[in-house]
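Work through the exercises below with the sequence and model at hand. Try each task before reading its solution.

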Amino acid sequence: MEIKIGLEVHFQLNTGKLFCRCPVESSKSDLFRFSRRLHISASELGNIDAAASYESMRSRVFEYIATDNSCLVEMDEEPPKRPDPKAIATAISVSRALKCDILDHIIYMRKIVIDGSNTTGFQRTAIIGINGHVDTSRGSVRISTVCLEEDAARKIEENGGKVVYSLDRLGIPLIEISTEPDIIDEEHAVEVARTIGYMVISTGNARRTVDAVRQDVNFSMGYGRVEIKGVSKLAQIKDVIEYEKERQENLRVAVDIIKSRGGIDRSTFRLVDVSDRFKNTKSKIIRSGLEKGRIYGSLLRNMAGTLKNGKLRMGKEIADLVKSYGIKGVIHSDELPGYGLSEEEIEDIYSFFGKREEDAVILIAMDPSRVNVIESAVFNRIEKILSMDLSETRGPSSEGTVFLRPMPGKDRMYPETDVPLISVDDDLMALAESIKSRTYNEVVQDLVVKYAISRQNAEYIASEMLVYTFEKMADLVDAREAARLITQIIPDLERKYKRTLDQDVILDLCRRSSELHFDRYQLEKAFEIAYETGDVESALRDPRIQELTKEDLRNMIEEILRDRGDVSQGSVIALIKDRTERVFDPRVAIECFLEIKNKK
């Protein structure tokens with residue numbers, strides 16, 4: 001089966017917000033909050049977009065945090081100003097680097113978005129360049145469009161029917177580069193994203209924070225296009241593509257099983273209130289559901305063994321959907337017995353629904369007001385999957401990908417009335433000409449020459465798009481130690497402690513360590529403690545940072561020799577580490593060991 005892969009690569013710019021003159025960075029302080037509800041509207045053709053309709057049915061309230069880099073434009077209380085010319089020039093420069101045709105006029109459009117990520121209920125976007133390409137080791141990949149749009153608000157939290165967003169990110173210029181489905185496989189996708197990335201980052205106008213670069217992966221293996229939004233790391237591109245391949249293959253198997261039994265029957269799918277059947281239950285999950293609402297259940301005709309059975313996970317498809325409506329999840333018969341339900345309760349529910357061996361039963365705890373919406377949404381999703389129409393928008397998750405919403409289409413577009421047409425004149429082209437892009441290989445070579453680090457380390461730093469962070473670290477600590485931290489120490493600590501530290505925290509730790517004249521071993525121990533505790537101050541005060549003196553090491557080695565007898569030079573470092581968590585210089589330890597051994 002032919003697999004098609006395309007990318008939409010997004011880069012925030014540091015040129016100032018797109019439609020006002022606010023800066024892109026903020027102090028993260030809250031000025032005040034306000035709330036909105038967003039309502040659906042028709043496109044310029046008079047149609048309602050499927051994704052917008054879905055968001056409307058979720059009926060959520062959106063709370064916005066005003067920050068010191070937001071103004072009345074972000075609050076939708078004032079019309080947008082003329083787009084920032086440096087942002088437009090940067091997008092033109094990138095378009096030219098990608099060999100695109102530059103449009104003579106830039107015309108902004110509105111994309112309907114009512115998930116709360118924009119206070120206006122739409123996103124402004126414009127095409128800058130078209131019909132380009134990027135050369136890779138596996139052939140040319142066509143670039144369909146380069147767009148310049150406003151970034152969305154940053155989601156802070158979601159609890160039930162309320163979502164909180166910060167306005168600090170809303171309105172930041174965002175370059176979107178879309179490829180045609182010319183990408184061969186997941187490794188090629190990573191190469192394409194990296195190659196495109198350097199054309200933007202090397203302009204010097206790209207923002208350098210953790211969330212400043214995001215990739216959307218478009219994937220199809222014949223069952224409709226799936227858009228996986230918000231893949232933040234290059235390595236994760238490969239993971240989500242591999243997961244999506246396996247997911248769709250397993251859904252094909254599940255669908256074949258269900259259809260071989262006769263398929264589903266809409267007349268038997270109806271969410272019925274079964275709360276009274278659990279009034280004496282000892283199940284904590286069911287009791288919790290009864291405290292907040294009611295328990296509803298339905299028969300799933302012919303679906304036994306497909307909801308959760310090895311790699312068959314139709315139950316997750318249903319659970320992801322109901323979670324998007326603010327419901328915690330579902331219980332289904334492929335997971336029973338379990339969840340604290342007694343055998344008598346399980347048999348009673350099966351009997352109530354007339355469950356046969358090939359049938360499944362599903363239970364959902366929810367407020368009674370949501371029943372009709374959830375019943376329709378769940379059945380429609382099952383029916384859509386059984387038709388093997390898997391087109392939808394998904395997001396990355398710890399397991400692979402997760403359902404976000406239906407796939408949007410042309411019905412979400414309508415004209416922009418506040419932003420005037422922009423002519424790409426000589427002045428704008430001259431500004432674009434002054435902004436230069438560099439290739440990945442040029443960046444690697446510059447790192448090797450300027451900082452005297454190995455090419456292997458330079459390639460890692462460049463491929464992970466960590467050049468800015470590295471250069472800032474190299475201003476504070478030895479460049480080779482900065483390279484070691486980025487390529488080895490930090491990745492190992494992230495895996496060990498399952499924690500990431502913001503770039504600002506990493507740079508602050510380097511700065512403070514430099515002020516305290518830490519050597520390499522103290523610096524690395526400070527990073528380990530910071531990842532362990534999540535706090536720079538704790539790391540710097542920790543007694544483990546105090547380096548063992550030569551006398552300390554001598555005494556410890558003599559104790560080791562007294563306790564263990566003869567010890568080899570190769571094992572002494574590990575034996576010292578077994579006795580203390582304080583840092584020490586291994587070279588000094590070996591020197592002490594040899595001095596003591598030679599005296600004997």
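**Exercise 1. Describe the salt bridge between Arg142 and Asp182.**

Solution. Start with the distance: the closest N and O atoms of Arg142 and Asp182 are 2.8 Å apart. A salt bridge requires a side-chain nitrogen of Lys or Arg within 4 Å of a carboxyl oxygen of Asp or Glu. Next, place the partners. Arg142 sits in strand E8 (residues 139–150), and Asp182 in the loop between strand E11 (173–179) and H3. They are 40 residues apart, so the pair links distant parts of the chain. Helices (H or I, at least four residues) and strands (E, at least two) are DSSP runs, numbered from the N terminus. Finally, check exposure. Arg142 is partly exposed at 45% relative accessible area, and Asp182 is partly exposed at 21%. The cut-offs are under 20% for buried and over 50% for exposed, with partly exposed in between (1.4 Å probe, protein chains only).

The model is predicted: local features need pLDDT of at least 70, side-chain atom pairs count only at pLDDT 80 or more, and totals for chains, interfaces and linings use all residues. Residues are numbered from 1 along each chain as its sequence is written, and side-chain values use heavy atoms, leaving out hydrogens and water.

**Exercise 2. Set the Lys245 bridge beside the Glu459 bridge.**

Solution. Take Lys245 first. Its partner is Glu186, with the closest N and O atoms 3.2 Å apart. Lys245 lies in helix H4 and Glu186 in helix H3, 59 residues apart, and this pair too links distant parts of the chain. Glu186 is buried, at 8% relative accessible area.

Now take Glu459. It pairs with Arg455, at 3.4 Å between the closest N and O atoms. These two are 4 residues apart in helix H11 (residues 455–463), so about one helical turn separates them. Glu459 is partly exposed at 31%. Arg455 is also partly exposed, at 39%.

Then widen the view. The structure holds 71 salt bridges. Glu244, Arg247, Glu317, Arg381, Glu392 and Arg394 are linked in a network of them.

**Exercise 3. Which residues have the most contacts inside the largest nonpolar core?**

Solution. They are Leu98, Leu148, Ile177, Phe470 and Phe527, in a core of 132 residues. Helix H3 (residues 186–201) gives the largest share, 9 residues. A nonpolar core is a set of buried Ala, Val, Leu, Ile, Met, Phe, Trp, Tyr and Cys residues joined through side-chain atoms within 4.5 Å.

Look closer at Leu98. Beyond its neighbours within four places in sequence, its contacts (heavy atoms within 4.5 Å) include Val134, Ile143, Ile177 and Met199. A second, separate core has 17 residues, among them Met556, Phe584, Ile590 and Phe593.

**Exercise 4. Is Val255 buried or exposed?**

Solution. First locate Val255: it is in helix H4 (residues 234–260). With 0% relative accessibility, Val255 counts as buried. Not counting residues up to four places away, Val255 touches Ile385, Leu386 and Met388. Glu55 is 200 residues from Val255 along the chain, and their C-alpha atoms are separated by 27 Å.

**Exercise 5. Summarise the overall fold in numbers.**

Solution. Count the elements: 19 helices and 21 strands. Take the extent: the C-alpha atoms fill a box of roughly 90 × 75 × 50 Å along the principal axes. Add burial: 52% of the 600 residues count as buried. End with contacts: among those with a separation of 6 or more, 74% join residues 24 or more positions apart.
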